[in-house]
Amino acid sequence: MLEKGVRISVVIPVYNESGNIEELYGRLKKAGQSFPNPFETIFINDGSVDDSLGVMNKLASSDRNVKVIDLSRNFGHQAAIKAGLGFVSGDAAIIMDADLQDPPELIKELAEKWSNGHQVVYAVRKTRKEGALLRFLYFSFYRLLKIISKIEIPLDAGDFCLIDRKIVDILVTMPEKDPFLRGLRSWVGYSQVGVEYDRKERHSGKSKYNFFRLFKLALDGILSFSNIPLRLAAFLGFAVSGISIVQIIMLLIKRLPVPGTTAIAIIVLFIGGVQLISIGIIGEYLGRIYEESKNRPLFIIKNKTNL
Ligand code: UDP
Ligand code: MG
């Protein structure tokens with residue numbers, strides 16, 4: 001049971017979701033009725049070009065518990081969440097998408113686990129509605145991340161979660177420029193537990209993550225939680241030089257016939273490929289170091305309502 005004064009804040013990044021906001025607000029309000037206090041709902045408008053801001057401002061004008069942070073342009077899903085976390089006034093924060101893929105009705109279950117003493121309660125996607133290829137890619141990504149990351153990141157857990165105020169305060173101070181929040185959330189430690197749910201289809205509109213954006217998010221996850229790709233580059237280098245040294249020795253000892261031009265071309269291409277891959281991997285890390293060193297803010301707030 002939650003104590004009387006307890007307040008939950010819900011952080012929702014919004015990018016062109018005008019068809020979802022009112023429905024989401026209605027369902028959140030209903031879900032909030034079984035809590036001691038109404039939810040504080042923090043919408044972050046991440047540079048929407050549709051009427052999302054208008055819809056949110058309308059809700060904010062009739063309900064003071066609805067707060068709107070309007071960013072100066074589209075800064076991306078993860079940056080928008082971080083912007084919202086900075087304004088959480090409740091004892092715990094829920095992070096959820098605006099498209100109703102994350103059901104507001106699950107908040108009750110998340111809050112129960114929290115009141116049992118867990119500081120992070122993440123929602124685990126038991127089933128998904130996406131196409132077979134995307135499901136396969138998600139499945140493989142989370143398993144690969146688990147194998148190579150330095151910390152224990154739970155499988156199939158997205159951003160939908162409840163985090164205690166303590167964790168909110170820690171996440172807000174993390175200055176990373178390419179934050180992978182579901183990883184950082186694990187990184188902080190404390191007591192963490194998962195709750196399973198069936199991930200629904202979008203209520204309205206299309207996913208804002210095309211293949212390249214998803215790929216970027218996946219790279220953020222892997223590169224910010226693992227150095228193994230860098231080691232892989234070195235490992236490939238050692239393996240290729242090892243093979244060639246053995247071949248040289250064999251050539252000298254056994255006087256093997258010198259391979260023809262095709263064989264040479266294949267070898268050159270192979271080594272060239274390995275070198276390019278390795279440079280690419282180093283480049284990915286270097287690019288991120290460059291982003292960090294520029295030290296630009298992760299987002300800019302243009303306007304705030306009810307805050
Ligand atoms: N989103 C955002 N900024 C972006 C992309 C997405 O704030 O640049 C929001 C979007 O409005 C939604 C959430 O992030 O509330 C998740 O996006 P989406 O549903 O498109 O991702 P998917 O569920 O398909 O992975
Ligand atoms: Mg979605």
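## Pockets, cores and a metal site

The second largest pocket in this predicted model has a volume of about 570 Å³. Its lining counts 21 residues, and those closest to its centre are Phe75, Lys177, Asp178, Lys216 and Leu298. Two or more lining residues come from each of α3 (77-85), α8 and α10 (261-294), with α8 giving the largest share, four residues.

A few words on terms. On a 1 Å grid over the protein atoms alone, a pocket is an open set of points with protein on both sides within 12 Å along at least five of seven lines, a cavity is a set where a 1.4 Å probe fits but cannot get out, and lining residues have an atom within 4 Å of a point. Points are joined across faces, edges and corners, and a volume is the space filled by probe spheres set on them. Helices (H or I, at least four residues) and strands (E, at least two) are DSSP runs, numbered from the N terminus.

Since this is a predicted model, local features need pLDDT of at least 70 and side-chain atom pairs count only at pLDDT 80 or more, while totals for chains, interfaces and linings use all residues. Residues are numbered from 1 along each chain as its sequence is written, chains are lettered from A and ligands numbered from 1 in the order in which they are written, and side-chain values use heavy atoms, with hydrogens and water left out.

Now for the largest pocket, with a volume of about 940 Å³. It is lined by 40 residues, and Tyr138, Ser207, Tyr209, Leu214 and Leu217 sit closest to its centre. β1 (8-14), α5 (132-148) and α8 (211-225) each put in at least two lining residues, and α8 gives the most, with eight.

There's also one cavity of 30 Å³ or more, and it holds about 40 Å³ of space. Its lining is Ile81, Ile95, Asp159, Cys161, Leu171, Leu181, Arg182 and Arg185. β6 (157-164) and α7 (181-187) each give two or more of these, with α7 giving the most, three residues.

Here is how the linings split by class (Ala, Val, Leu, Ile, Met, Phe, Trp, Tyr, Cys and Pro are nonpolar; Asp, Glu, Lys and Arg are charged; the others, Gly among them, are polar):

| Space | Nonpolar | Polar | Charged |
|---|---|---|---|
| Largest pocket | 19 residues | five residues | 16 residues |
| Second largest pocket | nine residues | three residues | nine residues |
| Largest cavity | five residues | no residues | three residues |

What about the inside? Buried residues (under 20% relative accessible area, with exposed over 50% and partly exposed in between, using a 1.4 Å probe and protein chains only) make up 45% of the 307 residues in the protein chain. A nonpolar core is a set of buried Ala, Val, Leu, Ile, Met, Phe, Trp, Tyr and Cys residues joined through side-chain atoms within 4.5 Å. The largest one has 44 residues, of which Ile44, Leu71, Leu85, Val88, Phe141, Ile163 and Leu171 touch the most other members. α8 supplies the largest share of this core, seven residues. A second, separate core of 37 residues includes Ile8, Ile12, Val68 and Leu110.

Finally, the magnesium ion (ligand 2) is coordinated by Asp99 (OD) and Gln101 (OE1), at 1.9 to 2.0 Å. Donors are N, O and S atoms within 2.8 Å of the metal (3.2 Å for Na, K and Ca), and water is not among the atoms, so sites may look incomplete. Asp99 is buried at 3% relative accessible area, and Gln101 is buried at 9%.
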